[in-house]
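Thanks for making time this morning. I would like to walk you through one structure, beginning with its aromatic rings and then turning to the nucleic acid.

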Protein chains: 2
Amino acid sequence: MSARRHVIRPATLEAIVEAAIRVLNANAGATMSEVAAQAGVGRATLHRHFHTRDDLVSAIGIRCIEDMNAAVRAEATAGQSAVDRLRSMFRAVIPLGDRYSFLGTNCTDDPRVREGYGMQLQWVMALVEDLKEQGDVDRDVPSPWVAAQIDQLVWTAWNAIAAGYLSADEATELALRTLTEGLR
Amino acid sequence: MSARRHVIRPATLEAIVEAAIRVLNANAGATMSEVAAQAGVGRATLHRHFHTRDDLVSAIGIRCIEDMNAAVRAEATAGQSAVDRLRSMFRAVIPLGDRYSFLGTNCTDDPRVREGYGMQLQWVMALVEDLKEQGDVDRDVPSPWVAAQIDQLVWTAWNAIAAGYLSADEATELALRTLTEGLR
DNA sequence: TCCATATGAGACATTGATGTCGCAAATGTG
DNA sequence: CACATTTGCGACATCAATGTCTCATATGGA
């Protein structure tokens, strides 16, 4: 389609992606200049590889949702119990909390992002069904509530780790416990 | 300080506040024109009563945090058990989910908003201590985790009601149950 | 080392939102 | 009904961010 005149250097791309996630998480309305500065990159370089600001946000959004989908699926192993699969998912997804946050406040309407989100929701809903099947979650609880709870727990766990009062493993186990047994 | 030349009409103020919450929740970068249009008000009228855009966002933010703090405190009755106080808080705060959402994405740095948020956090942390005291929450669970969980449950409950799959009472009880007993 | 090219820096035009103003009309109050 | 004042509308200047371009420099591969 568009033959890019310039080929982006891997290091440059990585710096831009990480900076954009960081800066746009702090302020969804952040400027191209701010992103460039945080990335240690010239503003023109941003425009060279991401034609418009929307292109940049969309590209990062797509990358984030792909990262998360990949993480969710990579850990799924046949023969595992539902709880074990949930644990694997937590382990893989919690470290991507910054991606999760980015998607929550940016490009909430991009079709490709929505599609990726739909696939993830589908996967989680299937897991919820299995959790109910195996008696880990009460059948009477609406599945959307369980799915929402799982989503929120990922975010809470990421914050706990970022705040430093829990290790990754502790946060994962506490999230599992919160969902099934509660905090009593 | 500033003697306003124009006195705002209550109906006008109400329309602006509600429209601003609605529009800025859908898109944090929304324009003054969009807010004015949604409020059924001239753009100049916005500027007449809220000198700058920041003034508008701050004013709404302060109102939101005040609404929430008022709701949290209004329901506190002496002699109630910790769980009953938590239930009262859920009942009062969950309907303010749109306020909560607004504060999450706008004016995250306004000093007065931060102060109000700090007071609310303080109140919740005190409640968490009482919940631990009465055995409703395990002492081993870090209090920040419990507080975060309570916050998230308010938001989840509001969404469930907005989505229509739970009534206000059902959402309140399910939130309580999720926190203490879990979903098993 | 040399060469191809990606990058940084800065100038530039353009665009869209902001904030101000004046005036005519609507509103509500007595 | 008459009066005072808020409101809507449109014109306007201003400003900040966007997107484009050029050229000198830095970078990495052969």
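**Aromatic pairs and the DNA surface**

Searching the whole structure gives 4 aromatic pairs over all chains, where rings of Phe, Tyr and Trp (for Trp its six-membered ring) pair if their centres lie within 6.5 Å, with planes under 30 degrees apart counted as stacked, over 60 as edge-to-face and the rest as tilted. In one of them, A:Trp155 with A:Trp158, the ring centres are 5.5 Å apart and the planes are at 15 degrees, so this pair is stacked.

Before I continue, please keep in mind that this is a predicted model, in which local features need pLDDT of at least 70 and side-chain atom pairs count only at pLDDT 80 or more, while totals for chains, interfaces and linings use all residues. Residues are numbered from 1 along each chain as its sequence is written, chains are lettered from A and ligands numbered from 1 in the order in which they are written, and side-chain values use heavy atoms, with hydrogens and water left out.

Both A:Trp155 and A:Trp158 belong to helix α8 (residues 143–163) of chain A, where they sit 3 residues apart, about one turn of the helix; helices here are DSSP runs of H or I with at least four residues, numbered from the N terminus. A:Trp155 is partly exposed at a relative accessible area of 22%, and A:Trp158 is partly exposed at 24%, the term covering values between buried (under 20%) and exposed (over 50%), with a 1.4 Å probe and protein chains only. Ring pairs also bring in A:Tyr100, which forms a cluster with A:Trp155 and A:Trp158.

In chain B, the rings of B:Trp155 and B:Trp158 have centres 5.5 Å apart and planes at 15 degrees, so they too are stacked.

Let me now turn to the DNA. Which residues are closest to DNA strand C? Of the 23 residues that surround the strand, the closest are A:His6, A:Thr45, A:Arg48, A:His49 and B:Arg53, and a residue is taken as near if one of its heavy atoms lies within 4 Å. Sugar and phosphate make up 64% of the strand C atoms that come within 4 Å of the protein.

As for individual contacts, a base oxygen of strand C is 2.9 Å from a side-chain N or O atom of B:Arg43, whereas a phosphate oxygen is 2.8 Å from a polar backbone atom of B:Arg53. The elements giving two or more residues to this surface are α3 (43–49) of chain A and α3 (43–49) of chain B, and α3(A) gives the most, with 5 residues.

Technical notes:
Polar contact = N/O pair within 3.5 Å; in protein donor to acceptor, adjacent residues only side chain to side chain.
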